[in-house]
Amino acid sequence: MTFEPKIVGFLCNWCSYTGADLAGTARIKYAPNIHVIRVMCSGRVDPTFVLKALESGADGVLIAGCHPGDCHYQEGNYSALRRYHLLKKMLSDFGVEEGRVRLEWISASEGDRFAQVVNDMTAQVRALGPFHRQKAPAEQATAETASKAS
Ligand code: FES
């Protein structure tokens, strides 16, 4: 049995979500592993959303927004890009593999690109395997105590 990753996709309403919609209406096939959450702008994606998704069972997280210069809120995607670089650094420090979190620019007319990104990311995360989140120290201590008692 092959591992099928769960990928959470935060898609901006104006470009990427519409691109995903176009992929659907154009009947472009893509991996069913993505669970889409529509946000108004990629700049709305707080890094804690990504951490929460990983903590809640996602194996990968995609953030997708309008191309640079096309954000409907002027600079939301630039904020997303700055946060993404910081988030990547932090995740790397925590030992989270490189390909689990991705930021992509997908316009409303790029249904084929949306499908390609989802397929690429699904293959990449599938190759990485399931995400094993680090347990919080308190959780770890409880688990160790329980295993010693049994
Ligand atoms: S509205 Fe799409 S990234 Fe800001």
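**Helix 3 and the sheet around it**

In this predicted model, helix 3 gives way to glycine 95, a residue that follows the helix and has a positive phi, near 85°. That glycine makes a handy landmark from which to look back along the helix itself.

Helix 3 covers residues 76-93, 18 residues in total. From its first C-alpha to its last it reaches 26 Å, close to the 26 Å expected at 1.5 Å a residue. Five positions are named as buried in this helix: Gly76, Asn77, Ala80, Tyr84 and Leu87. Seen down the helix axis, the buried residues of helix 3 fall within an arc of 75°, so they line one face of the helix. The face turned away from that buried side carries exposed residues, namely Arg82, His85, Leu86, Lys89 and Asp93.

What do the buried residues of helix 3 pack against? Their partners are helix 2 (47-55), strand 3 (60-65) and strand 4 (101-105). Two of these partners also share a larger motif with the helix, as strand 3, helix 3 and strand 4 make a right-handed β-α-β unit.

Within this unit, strands 3 and 4 run parallel and are joined by 5 bridges. Valine 61 stands opposite valine 101 in strand 4, while leucine 62 stands opposite arginine 102 in strand 4. In a regular strand, side chains alternate between the two faces of the sheet. Strand 4 is mostly covered, with 5 of its 5 residues buried. On one side of strand 4 are Val101, Leu103 and Trp105, and on the other are Arg102 and Glu104; all are buried, and both faces of the strand are thus covered.

It helps next to step back to the sheet as a whole. The sheet is open and is formed by 4 strands in the order 2-1-3-4, with parallel pairing. Strand 2 (34-39) and strand 4 stand at the edges, each with a single partner strand, so one side of each is left without a neighbour in the sheet. Neighbouring strands of this sheet are turned by 20° against each other on average, direction ignored.

Helix 2 packs on the sheet as well, touching strand 1 (7-12), strand 3 and strand 4. The direction of helix 2 makes about 150° with that of strand 3. Helix 2 is also among the elements against which the buried residues of helix 3 pack, which brings the description back to the helix where it began.

Definitions and conventions. Residues numbered from 1 in each chain as written. Predicted model: local features only at pLDDT ≥ 70, side-chain atom pairs only at ≥ 80, totals over all residues. Helix = DSSP H or I, 4+ residues; strand = E, 2+ residues; numbered from the N terminus. Expected span 1.5 Å × (residues − 1). Buried ≥ 20, exposed ≤ 12 C-beta atoms within 10 Å, placed from the backbone. Arc of directions from axis to C-beta. Contact = placed C-beta atoms within 7 Å. Pairing = 2+ DSSP bridges. Right-handed = clockwise from strand over helix to strand, strands pointing away. Axes fitted to C-alpha atoms, helices over the stretch in contact; angles between N-to-C directions.
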